[in-house]
Amino acid sequence: MAAQNFFGLTTRLILHSECILQNPFSQNSIFGLTSAPQTLRNSWLGSNKLHSADFRPISPKLRPTAATIAFSLPTTTPVRVSSDSKIPKWSSRAIKAYAMSELEARKIRKPNTGTEALLMGILIEGTNTAAKFLRANGITLEKVREETFNLLGKPNKYFFSPEHPPLTEAAQRVIDRAFAEKLNSGEGGEVTTTDLLLSIWAETDSPGQKILAICGFSDEKAKELKSLSSESAFKPSP
């Protein structure tokens with residue numbers, strides 16, 4: 001009889017414990033809570049009750065991605081002109097070609113924007129006189145990119161270029177020369193991609209100049225390009 005009573009008491013205790021674990025907020029709970037809290041009091045938030053609907057996951061605010069485009073090329077040439085002279089501006093195609101050269105430098109994973117990247121930027125822009133002239137003479141973007149890898153090596157896939165790769169010293173001289181020659185010519189007008197390409201060719205022993213020479217560019221081609229008065233004057237032969 002005593003054994004049966006002990007067994008029955010043990011069974012009731014086990015069942016009672018399971019009920020408490022399933023509902024810890026019951027009246028018989030060991031936690032001493034009489035009922036499950038349906039609302040939470042929070043007087044310092046300006047309301048007496050907070051419902052479960054008030055607790056919503058906070059989604060992070062995404063910043064809009066914006067691309068900055070410069071309205072001029074970085075020139076270090078000091079400008080000394082008379083009051084009646086006008087400082088030449090860079091053409092829209094030249095500015096776009098420079099932006100494309102930065103993107104190309106990042107694409108081939110270079111730490112700097114070099115003369116070879118300036119050359120590829122001119123070809124990527126594509127609508128300017130210099131790019132049309134180069135393509136008409138068999139100098140394409142694919143060929144220039146291939147010669148860049150042959151000359152400077154293939155890109156390191158583990159290297160990440162900065163957002164705006166700084167110019168190499170040779171590339172900075174190219175930009176300064178193009179600007180200075182247009183300024184000193186007294187011709188007026190904008191500094192174009194033609195001026196930029198001719199300045200790359202004048203930068204002896206630079207990667208851009210070497211690649212142009214490998215692809216068949218020469219002093220005669222430079223003179224021919226220079227003779228073109230404006231970007232709209234050149235019409236490539238079929």
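Tutor: Before we begin, two residues are in contact here when they have heavy atoms within 4.5 Å of each other, and the model we are looking at is predicted.

Student: How many helices and strands does the chain have?
Tutor: Reading from the N terminus on, the elements run α-β-β-α-α-α-α-α-α-α-α, where α stands for a helix and β for a strand. Counting these elements by kind, the chain has nine helices and two strands.

Student: Among contacts in the chain between residues at least 6 apart in sequence, what percentage join residues at least 24 apart?
Tutor: This value describes the whole chain, which has 238 residues, 34% of them counted as buried. If we take the contacts between residues at least 6 apart in sequence and ask which of them join residues at least 24 apart, the share is 68%.

Student: Which residues of helix 9 meet helix 7?
Tutor: Helix 7 covers residues 193–202 and helix 9 covers residues 219–226, and their axes come within 10 Å. On the side of helix 7 the contact is made by Thr194, Leu197, Leu198 and Trp201. By class, the residues of this contact, taken from both helices, are five nonpolar, one polar and two charged. The partners in helix 9 are Asp219, Ala222, Leu225 and Lys226.

Student: How are helix 7 and helix 9 placed relative to each other, roughly parallel or roughly antiparallel?
Tutor: The crossing of these two helices is left-handed, and their axes cross at roughly 160°. An angle over 145 degrees counts as roughly antiparallel, and therefore helix 7 and helix 9 are roughly antiparallel.

Student: What is the handedness of the crossing of helix 5 and helix 8?
Tutor: Helix 5, residues 141–152, packs against helix 8, residues 207–214, at an angle of about 120° and with the axes 10 Å apart, and the two are therefore oblique to each other. Val144, Glu147, Thr148, Leu151 and Leu152 of helix 5 make the contact with Pro207, Lys210, Ile211 and Ile214 of helix 8, a set that divides into six nonpolar, one polar and two charged residues. As for handedness, the crossing of helix 5 and helix 8 is right-handed.

Student: Is Ser161 buried or exposed?
Tutor: Ser161 has its place in the loop between helix 5 and helix 6, and, leaving out residues up to four places away in sequence, it touches Ala105, Arg106, Arg109, Lys110 and Pro111. Ser161 and Asn112 are 49 residues apart in sequence, yet their C-alpha atoms are 7.9 Å apart in space. Because its relative accessibility is 16%, Ser161 counts as buried.

Student: What is the phi of Arg109?
Tutor: Arg109 is found in the loop between helix 2 and helix 3, and at 26% relative accessibility it counts as partly exposed. Most residues other than glycine have a negative phi. Arg109 is not a glycine, although it has a positive phi of about 60°.

Student: Where does Asp205 lie?
Tutor: Asp205 is also a residue other than glycine with a positive phi, here near 70°. At 57% relative accessibility, Asp205 counts as exposed. Its position along the chain is in the loop between helix 7 and helix 8.

Notes:
Residues are numbered from 1 along each chain as its sequence is written. This is a predicted model: local features need pLDDT of at least 70, side-chain atom pairs count only at pLDDT 80 or more; totals for chains, interfaces and linings use all residues. Side-chain values use heavy atoms; hydrogens and water are left out. Axes are lines fitted to C-alpha atoms, for helices over the stretch in contact, and angles run from 0 to 180 degrees between N-to-C directions. Helices (H or I, at least four residues) and strands (E, at least two) are DSSP runs, numbered from the N terminus. Angles under 35 degrees count as roughly parallel, over 145 as roughly antiparallel, 65 to 115 as roughly perpendicular and the rest as oblique. A crossing is left-handed if the near helix is turned anticlockwise from the far one by less than a right angle, and right-handed if clockwise. Ala, Val, Leu, Ile, Met, Phe, Trp, Tyr, Cys and Pro count as nonpolar, Asp, Glu, Lys and Arg as charged, and the others, Gly among them, as polar. Buried means under 20% relative accessible area, exposed over 50%, partly exposed in between (1.4 Å probe, protein chains only).
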